[in-house]
Amino acid sequence: MWYNRNVIRNYRYRIFPTDSQVSLLQKNLDACRWVYNKALEVRKSAWDEEKKSIGLYDTIKMLPKWKIENPSLKDVHSQIIQQACMRVDFGFKRFFQRVKAGETPGFPRFRSYSRYDSFTYTQFGFKILENNRLQLSKIGEIKIKLHRPIEGKVKTLTIRHNSIGKWYACFVCEIEPKPLPPTDKVVGIDLGLTTFAVFSDGKKIKRERWMKKDEADINRLQRKKENYPKGSRERSKVIHALRHAFERVIERRKNFLHQESRKIVDEYQFIALEKLDIADMKENGSKNIRKGISDVGWGQFSQFIAYKAESAGRGVALVDPRNTSKQCSGCGEIVPKHLRVRIHECPKCGLKIDRDYNASLNILARGLASIGKQSVKVPDLCQESNHASA
């Protein structure tokens with residue numbers, strides 16, 4: 001599919017509140033969590049007891065009464081607590097969508113202290129000032145690290161708190177696309193666990209084992225954690241260090257995926273990827289496969305390519321992944337093979353190439369077919385790459 005409309009872009013910046021501001025930010029989180037749980041309780045009780053459906057605006061109209069019940073709500077910007085009601089409403093909408101689609105629905109749950117980590121200004125209540133300062137209503141001016149400029153029209157601002165005590169300001173902006181100079185290069189990409197990505201033009205991206213780099217440290221901390229009783233100060237310190245270790249893994253992987261997705265969007269006009277059901281693959285895979293899928297970040301990589309391509313005026317197609325490795329890219333014959341077999345050998349046409357490279361050619365052909373473009377001459381490309389089977 002091709003994009004030419006305004007796009008939504010997220011900008012995340014680290015903020016550095018003072019101790020007193022941290023207390024105010026936490027007060028905002030607590031107020032929003034209270035409203036969220038209250039709105040969920042009211043909607044759930046109305047249905048269970050009276051079979052009555054209560055909507056978003058019904059709960060928003062209850063806010064003045066709730067402020068009497070909980071006076072701390074008066075110290076919080078009005079849009080923030082309204083947005084907490086919107087989150088409940090969104091949760092119910094997603095629940096009924098999953099029911100209608102025949103999926104396994106997850107009913108909206110009450111949020112504990114550790115499961116409510118952000119609040120959102122939807123229109124007003126914030127302002128970016130000079131000298132790297134962010135002004136928040138009823139909180140004050142907070143130091144912000146603007147490592148890159150904010151582009152487009154700011155739609156919302158979300159203040160987020162992570163598990164190791166860092167605070168972030170996340171701006172959602174609407175920006176105009178900035179198309180890159182057009183190119184005639186197209187590519188199909190097969191994502192894997194042995195090699196992270198294999199391209200239909202022969203290029204490869206080596207897999208980085210992110211968890212393995214910190215695995216020894218993580219395992220050491222997990223063993224150390226069990227030496228201390230729950231609720232002890234020593235155990236809390238170890239858990240904090242453990243969260244730091246996991247954050248390193250997440251940030252390294254994210255940085256890698258951002259860099260590689262940017263290179264791909266800059267180089268290719270059209271990009272074909274498999275539409276992978278990652279949740280199903282994890283559920284049906286072995287322990288090592290589940291661990292590997294979680295480590296490589298296929299879903300995040302596809303998302304990064306999609307939104308970068310949207311802004312750059314590139315095309316992206318997500319194709320059916322069924323039999324992309326088994327189907328011969330030369331003649332179309334289905335050649336069953338075990339996952340351990342890394343070479344595709346076609347008994348019908350005699351084609352012998354790398355299994356993942358064969359899949360990438362099929363992905364490209366399906367991607368081009370999905371947009372009504374004439375497919376590349378796959379046999380010609382295959383003959384040029386017979387060396388891959390060596």
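This section describes the fold, the two sheets, the nonpolar cores and the aromatic contacts of a predicted model.

The chain holds 11 helices and 14 strands. Its C-alpha trace extends over about 80 × 55 × 55 Å along the principal axes. Of the 390 residues in the chain, 41% are buried. Contacts between residues at least 6 apart in sequence join residues at least 24 apart in 67% of cases.

An open sheet of 7 strands, with antiparallel pairing, follows the order β2-β6-β7-β1-β5-β4-β3. Strands β2 (118–121) and β3 (126–129) form its edges; each has a single partner strand, so one side of each lacks a neighbour in the sheet. From one strand to the next, the twist averages 35°.

Within this sheet, strand β7 (residues 167–175) pairs with both β6 and β1. The pairing with β1 (residues 7–16) is antiparallel and comprises 9 bridges. In this pairing, Ile 8 lies opposite Glu 174, and Asn 10 lies opposite Val 172. Strand β6 (residues 153–161) is joined to β7 in the antiparallel sense by 8 bridges, and Arg 160 has Tyr 168 of β7 as its bridge partner. The hairpin formed by β6 and β7 has 5 residues between the strands, and Gly 165 in the turn adopts a positive phi of about 95°. Because 7 of the 9 residues of β7 are buried, this strand is largely enclosed by the rest of the structure.

On the other side of the sheet order, β1 is also joined to strand β5 (residues 140–144), by 2 bridges in an antiparallel arrangement. Ile 15 is paired there with Ile 144 of β5. Strand β5 in turn runs antiparallel to β4 (residues 133–136), with 4 bridges between them, and Leu 136 stands opposite Gly 140. The hairpin of β4 and β5 has 3 residues between its strands, and Lys 138 takes a positive phi near 65°.

A second arrangement is an open sheet of 5 strands in the order β10-β9-β8-β11-β12, in which the pairing is mixed. Its edge strands, β10 (204–205) and β12 (315–319), each pair on one side only. Strands β8 (residues 186–191) and β11 (residues 270–274) are parallel and share 4 bridges, and Gly 188 has Ala 272 in β11 as its bridge partner. Helix α10 (residues 355–370) packs on this sheet and touches β8, β9 (197–199), β11 and β12; the helix direction makes about 130° with that of β8.

The largest nonpolar core contains 44 residues, of which Leu 136, Ile 159 and Phe 171 touch the most other members. Helix α1 (residues 19–50) supplies the largest share of this core, 10 residues. Beyond four places away in sequence, the residues touched by Ile 159 include Ile 15, Leu 25, Leu 134, Leu 136 and Trp 167. Others touched by Ile 159 include Asp 117, Ser 118, Phe 119 and Tyr 121. Another core, of 30 residues, lies apart from the largest one, and has among its members Leu 191, Ile 271, Ile 305 and Val 316.

Across the whole structure, 14 aromatic pairs are found. The ring centres of Phe 95 and Phe 96 are 5.2 Å apart and their planes lie at 70°, so this pair is edge-to-face. Phe 95 is buried, as its relative accessible area is 13%, with the cut-off for burial being under 20%. One aromatic cluster is formed by Tyr 13, Phe 119, Tyr 121, Phe 126 and Phe 171.

Charged side chains also lie over aromatic rings. The charged end of Arg 12 is placed over the ring of Tyr 168, 4.3 Å from the ring centre. Tyr 168 is also the bridge partner of Arg 160. The charged end of Lys 143 sits over the ring of Phe 16, at 5.8 Å from the ring centre.

Conventions
Residues are numbered from 1 along each chain as its sequence is written. Side-chain values use heavy atoms; hydrogens and water are left out. Two strands pair if DSSP finds at least two bridges between them. Contact means heavy atoms within 4.5 Å. Axes are lines fitted to C-alpha atoms, for helices over the stretch in contact, and angles run from 0 to 180 degrees between N-to-C directions. A nonpolar core is a set of buried Ala, Val, Leu, Ile, Met, Phe, Trp, Tyr and Cys residues joined through side-chain atoms within 4.5 Å. Buried means under 20% relative accessible area, exposed over 50%, partly exposed in between (1.4 Å probe, protein chains only). Rings of Phe, Tyr and Trp (its six-membered ring) pair if their centres lie within 6.5 Å; planes under 30 degrees apart count as stacked, over 60 as edge-to-face and the rest as tilted. A charge sits over a ring if NZ of Lys or CZ of Arg is within 6 Å of the ring centre and within 35 degrees of the ring normal.
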